[in-house]
Amino acid sequence: MPAAPEHPTEGSVVTDDQQRPPAAAAFDALGADYEKAFATSKTHRRSLEWLLGRLTPGSRVLDVGSGTGRPTAETLANAGHDVLGVDVSPVMVELATRQVPAASFRCADIRDVPLGDASFDAVCVYFSLLQLDRREQADLVRYLVRALKPSGHMVLATVPLDVEDVDAAFMGQPVRVSSFTAQGFTAVAEEAGLAVLAQDASMFTPAHPDAQPEPHLFLHCRRPATTPGT
């Protein structure tokens, strides 16, 4: 597979020539409906405000599972930060590139993207772990911590449930889901070398006829100046 640039030029789309993960099909189908369904999440907005308050001007930020680019990449790019979004769905990446031209987006599985050690000031992982099994989630968080600069910040968000490899429907689309309890998810972050500075939990019902109320958990974390094992 040809290596794509680690940080594509502004507004560009790079698509890896490989088989797409199963999650891509579901989010291709959802497209802009996903953005509309989650647009009113106050907890997500609070999380972005928390992160913005800790970033220095022109920070380099990685948005994992960047979706349509809204609200995460758009909010960060509008604040003057250098944002790279990565998502497995080409439909989402196309939407994001059109809607948030100030950021860069790449269509790829984040696990296949070569990330330089300590190359980002912040990393956002908003609900993009749920289609991975538990071991894959823990491995990915460790990988992302290595890409985070010492004293950099990471925000992790999930639906905290004690489920593993379960078939489910999400906004009418079939998905396979794994997750942790709130305590288990916090342990994943801490075992990856993060200090969990704050947590924000809420119940949220996406604005979609096939959606159900779901618990949301946001972990606001920092990589210590020295992180053992990374």
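**Around helix α7 and strand β10**

Student: In this predicted model, which residue with a positive phi follows α7?

Tutor: Look just past the end of helix α7, which covers residues 182–191. The residue to find there has a phi near 105°, and it is Gly193.

Student: Which elements are included in what covers the buried residues of α7?

Tutor: Start with the residues that need covering: Gly184, Phe185, Thr186, Val188 and Ala189 are the buried ones in α7. Buried here means under 20% relative accessible area. The cover over them includes α6, β6, β9 and β10.

Student: Is strand β10 mostly covered or mostly open, and how many of its residues are buried?

Tutor: Strand β10 spans residues 214–222 and has antiparallel partners in β6 and β9. It is mostly covered: of its nine residues, the number buried is seven.

Student: How many bridges join β9 to β10?

Tutor: β9 covers residues 195–204 and runs antiparallel to β10. One place to see the pairing is Ser202, which stands opposite His216. Between β6 and β10 there are six bridges, with Thr158 and Leu217 as one pair of partners. For β9 and β10 the count is nine.

Student: Which element gives the most to the largest nonpolar core?

Tutor: That core has 32 residues, and Ile110 and Leu144 are among those with the most contacts inside it. Elements supplying at least two residues each include β2, β6, α7 and β10. The top contributor gives seven residues, and it is α6.

Terms used
Residues are numbered from 1 along each chain as its sequence is written. This is a predicted model: local features need pLDDT of at least 70, side-chain atom pairs count only at pLDDT 80 or more; totals for chains, interfaces and linings use all residues. Side-chain values use heavy atoms; hydrogens and water are left out. Buried means under 20% relative accessible area, exposed over 50%, partly exposed in between (1.4 Å probe, protein chains only). Helices (H or I, at least four residues) and strands (E, at least two) are DSSP runs, numbered from the N terminus. Two strands pair if DSSP finds at least two bridges between them. Contact means heavy atoms within 4.5 Å. A nonpolar core is a set of buried Ala, Val, Leu, Ile, Met, Phe, Trp, Tyr and Cys residues joined through side-chain atoms within 4.5 Å.
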